Amino acid sequence: MNSEQPPAATGRAPGRRERAVDVLVVGAGPAGLALASRLAATGSVGVEVVDREDEPGGVPRHCFHSGFGLREAGRPMTGPAYALHWADAAVHAGATLRTGVTVTGWSDAAVPAAAPLRVDVTSPAGTERITARAVVLATGARERPRAARLVPGTRPGGVFTTGDLQRTVHVHRRPVGRRAVVVGAESVSYSAVRTLREAGVEVVAMVTELPYHQAAPVTALDARLRHGVPLLVGARVGELLGRGRLSGVALRHRDGRSTTVACDTVVFTGDWIPDHELARRGGVTLDRATRGPAVDGSFRTDRAGVFAVGSLLHAVEPAGTAAREGLLAAGPVLRHLTDGTGPAVRVPVEVDAPLLWIAPNRIDPADPCVATGGFTLRTESRLGPWSSLVVSRGGRVLHRQRLLRSAVPNRTVRLSAAWTANVGAGADGEPVRISVER
């Protein structure tokens, strides 16, 4: 993969270059790179991808295990190979890829609906103002760290998120510790266990507040039986202990007990936060449930010409899902470049408890197509295999879908988009509601 230098400036203000591109993609993870590769391959669109990291590829760069790329490339890859695959695809298709470039804001943020779109960026080469006919936000998501989880206690060394852990082990090749506790029991938590084992660290426990793990059964069984990793359910970390270096974690159990687990490392996993700062600064409406940009089935936000794809919308799906979304978003972006029109009406799609959120979360009645063919949901409690998802609006049932297997928190629930053509624009802004019928 070869990154290109930025094109020559077309205008110059004191201390800042000013340039124009057709499409600016912010974020060089799988979604942004896949989108750029498809747009650039048309040969009719100038595409530039910027990313604040020094290397493109997003989260997969730090995942040194296999399991990537089988669907897209027809062969299993490690995370770094998968990241390189999409970076090469974008560059070979003709997209400009720039790393070490941070978008600092929108030059027209005070007038969110104004066109054209202008963003300000900074890099070691200086500051720039980039004007684009379309901007695609693919900024991804990050795990909530210890401080944001409000876990009390001292501030010792040895506290990580999964991303921090993988960078420390695989990128910086630094030692981590000897005995670790992993907070969480979802798929990414088991990835953390794998990384710790590869670094020679004993995993003394996994801890989850739920009464069960939320990963694939075979993954959880392998960790517990083959590798002897105990799973402590119905418990949470109540306090971190130790001065200078972590010496243990105090656990609060659901039955009222308090225990202490001796360890020198703790990894907080999952609990993803969409990286939505740039969207918020640009006046893009955020969905109050996902906390990412509110988008319709064509990845359009409510700001004309601004699209959003990938984990920014639904933290966190597999990298292959994000890449697929990037590919599917190319069509709507090209249509915008051609006609520049946006939806006149956007009907909200909302969920009732125990569902947590749904994406996409807006429907354009004039263009109700959902590019991915369906919706992604999360639940906060287990749903039995005979539960049904009920889609209704204004008391009228539009669709009913029975779950074929149990749904658990932190794992994807899919809902067909077969009903969206029946939504219509009426009902005075009444949202579509998704509820559970047990």
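Q: Over how many bridges do β13 and β14 pair?
A: This is a predicted model, so let's read the pairing off its strands. Strand β14 covers residues 248-253, and its pairing with β13 runs in the antiparallel sense. The count of bridges between β13 and β14 is 6.

Q: Which residue of β14 stands opposite Val237?
A: Strands of a sheet pair through backbone hydrogen bonds, either parallel or antiparallel. For Val237, the residue across from it in β14 is Leu251.

Q: Which strands stand at the edges of the open sheet, and why is one side of each left without a neighbour?
A: The sheet has 3 strands in the order β13-β14-β15, with antiparallel pairing. From one strand to the next, the twist averages 30°. An edge strand has a single partner, so one of its sides has no neighbour in the sheet. That describes β13 (235-241) and β15 (258-262).

Q: Which helix gives the largest share of the largest nonpolar core?
A: In general, nonpolar side chains in soluble globular proteins tend to be buried together. Here that core has 59 residues, and Val23, Leu24 and Leu137 touch the most other members. Leu137, for instance, touches residues including Trp106, Leu278 and Phe307. The largest share, 8 residues, comes from residues 319-339, helix α8.

Q: Is Arg61 buried or exposed?
A: Arg61 sits in the loop between β3 (47-51) and α2 (70-73). Looking past its neighbours within four places in sequence, its contacts include Glu53, Glu55 and Pro80. Its relative accessible area is 16%, and the cut-off for buried is under 20%. So Arg61 counts as buried.

Definitions and conventions: Residues are numbered from 1 along each chain as its sequence is written. This is a predicted model: local features need pLDDT of at least 70, side-chain atom pairs count only at pLDDT 80 or more; totals for chains, interfaces and linings use all residues. Side-chain values use heavy atoms; hydrogens and water are left out. A nonpolar core is a set of buried Ala, Val, Leu, Ile, Met, Phe, Trp, Tyr and Cys residues joined through side-chain atoms within 4.5 Å. Buried means under 20% relative accessible area, exposed over 50%, partly exposed in between (1.4 Å probe, protein chains only). Helices (H or I, at least four residues) and strands (E, at least two) are DSSP runs, numbered from the N terminus. Contact means heavy atoms within 4.5 Å. Two strands pair if DSSP finds at least two bridges between them. Axes are lines fitted to C-alpha atoms, for helices over the stretch in contact, and angles run from 0 to 180 degrees between N-to-C directions.
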